[in-house]
Amino acid sequence: MMWVTLLYSCAGGAALLYALYRWVIPAAVQYHGGLALFWHDVIVERMLDTLTQSTRPQRLLSAVQKNATRGDPCSVVKAIDQFCRHKEWAMNVGDEKGCILDSVVSEVNPASVLELGTYCGYSTVRIASLLPPNAKLITLEFNPDFAAIARQVIAWAGLEEKVQLVEGASGDWIPKIKEQFGVKTFDLVFLDHWKDRYLPDAKLMEARFLCSFSTDQTVDFSGLTPSLLFIQVCGLLRKGSVLLADNVICPGTPDYLEYVRSSPRYESRYFKSHLEYTKVEDGLEKSVFLG
């Protein structure tokens, strides 16, 4: 009798823990950005990494290979959305904000696109699938493990010919893009990388001059204050270039928002939405560069 009681207790405890993990806690954090990110990006991801001896990007790739049709970008996007909504949350731009991204790409109809932050290639696939023939999409990813997964996702979607994936830090690559890839300016830039890099990278893309500062000056450029600074000619934005920034509310980019909304060099508009796969307010900021 004691063993039966113990067995029922263990089964009941396991069922309770599973219910908490699968439904109760995810529902509870749906409306709180900080809790949602902590639960999904710290607790759940680390637990599943340990249990499966794999990473979230690897599990996402497996879902694509299992459920998406090779060469069909829409099925790749759908497979990732289903994985993130029903299996395991991931910080892609997501289906709701993805529709806003799609509409901006279609409106701009860009011949040249720069994406900052590839992650697993979800937004890369959405953008590349909408580009006109002969358009160029360069996407930068700092994490080599993410880049390796993204290449496979992009290839599964059949878009590898449209996409140039570059590994490295945005601050290192932006000054070299013109020389390395022969791009004069970008029609569209999608910012979805480290949030503290939005503002310095935007300023870096604006720069059209070469200058130096002497050691007795304090320079506030791109968040840096070195004693000697040489600014390379970037000039990657032209009049009419569009910056589209994700996660401007959650996790948030207040310094970037203040800059593009107050600067006479931009005409800016906020698209209200939600943090990917949750009910937390988030949105995209579309900023047209006026020169």
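Buried residues are those with under 20% relative accessible area, partly exposed residues lie between that value and 50%, and exposed residues are over 50%. The legends below apply these classes to a predicted model.

**Figure 1. Overview of the predicted chain.** The secondary structure comprises twelve helices and nine strands. Of the 291 residues in the chain, 50% are buried. The accessible surface amounts to about 14600 Å², and carbon and sulfur atoms account for 58% of that area. Among contacts between residues at least 6 apart in sequence, 69% join residues at least 24 apart. The structure holds 17 salt bridges.

**Figure 2. Close-up of the salt bridge between Arg56 and Glu88.** The closest N and O atoms of this pair are 3.0 Å apart. Arg56 belongs to helix α3, whereas Glu88 sits in the loop between α4 (73–86) and α5 (94–108), so the salt bridge ties together parts that are 32 residues apart in sequence. Arg56 has a relative accessibility of 1%; because buried means under 20%, this residue counts as buried. Glu88, with a relative accessible area of 5%, is buried as well.

**Figure 3. Close-up of His40 in helix α2 (residues 33–52).** His40 is buried, its relative accessible area being 10%. Leaving aside residues up to four places away in sequence, His40 touches Val29, Glu45, Arg56 and Trp89.

**Figure 4. Close-up of the salt bridge between Asp95 and Arg85.** The closest N and O atoms are 2.9 Å apart. Asp95 is located in helix α5 and Arg85 in helix α4, so the pair ties together parts that are ten residues apart in sequence. Asp95 is partly exposed, with a relative accessible area of 21%. Arg85 also counts as partly exposed, at 43% relative accessibility.

**Figure 5. Close-up of the salt bridge between Arg126 and Asp102, with a related network.** The closest N and O atoms of Arg126 and Asp102 are 2.6 Å apart. Arg126 lies in helix α6 (residues 122–128) and Asp102 in helix α5, so this pair ties together parts that are 24 residues apart in sequence. Both residues, Arg126 and Asp102, are buried. Elsewhere, salt bridges with shared partners join Asp41, Glu45, Asp49, Arg56, Arg59 and Glu88 into one network. Side chains of opposite charge can pair when their charged atoms come close.

**Figure 6. Close-up of helix α5 and its packing partners.** Helix α5 has 15 residues and spans 20 Å from its first C-alpha to its last, close to the 21 Å expected at 1.5 Å a residue. Its buried residues are Gly94, Lys97, Gly98, Ile100, Leu101, Asp102, Val104 and Val105. The buried residues of α5 pack against helices α4 and α6 and against strands β4 (186–191), β7 (237–245), β8 (266–274) and β9 (281–289). Just after α5, Asn109 adopts a positive phi of about 50°.

**Figure 7. Close-up of Ser62 in helix α3 (residues 56–67).** Ser62 is partly exposed, with a relative accessible area of 42%. Ser62 and Ile80 are 18 residues apart in sequence, and their C-alpha atoms are 9.9 Å apart in space.

Conventions: Residues numbered from 1 in each chain as written. Predicted model: local features only at pLDDT ≥ 70, side-chain atom pairs only at ≥ 80, totals over all residues. Heavy atoms only, no water. Helix = DSSP H or I, 4+ residues; strand = E, 2+ residues; numbered from the N terminus. Buried < 20%, exposed > 50% of the residue type's maximum accessible area, 1.4 Å probe, protein only. Contact = heavy atoms within 4.5 Å. Areas by Shrake-Rupley, 256 points an atom, 1.4 Å probe, with all protein chains shown as cover. Salt bridge = Lys/Arg side-chain N within 4 Å of Asp/Glu carboxyl O. Expected span 1.5 Å × (residues − 1).
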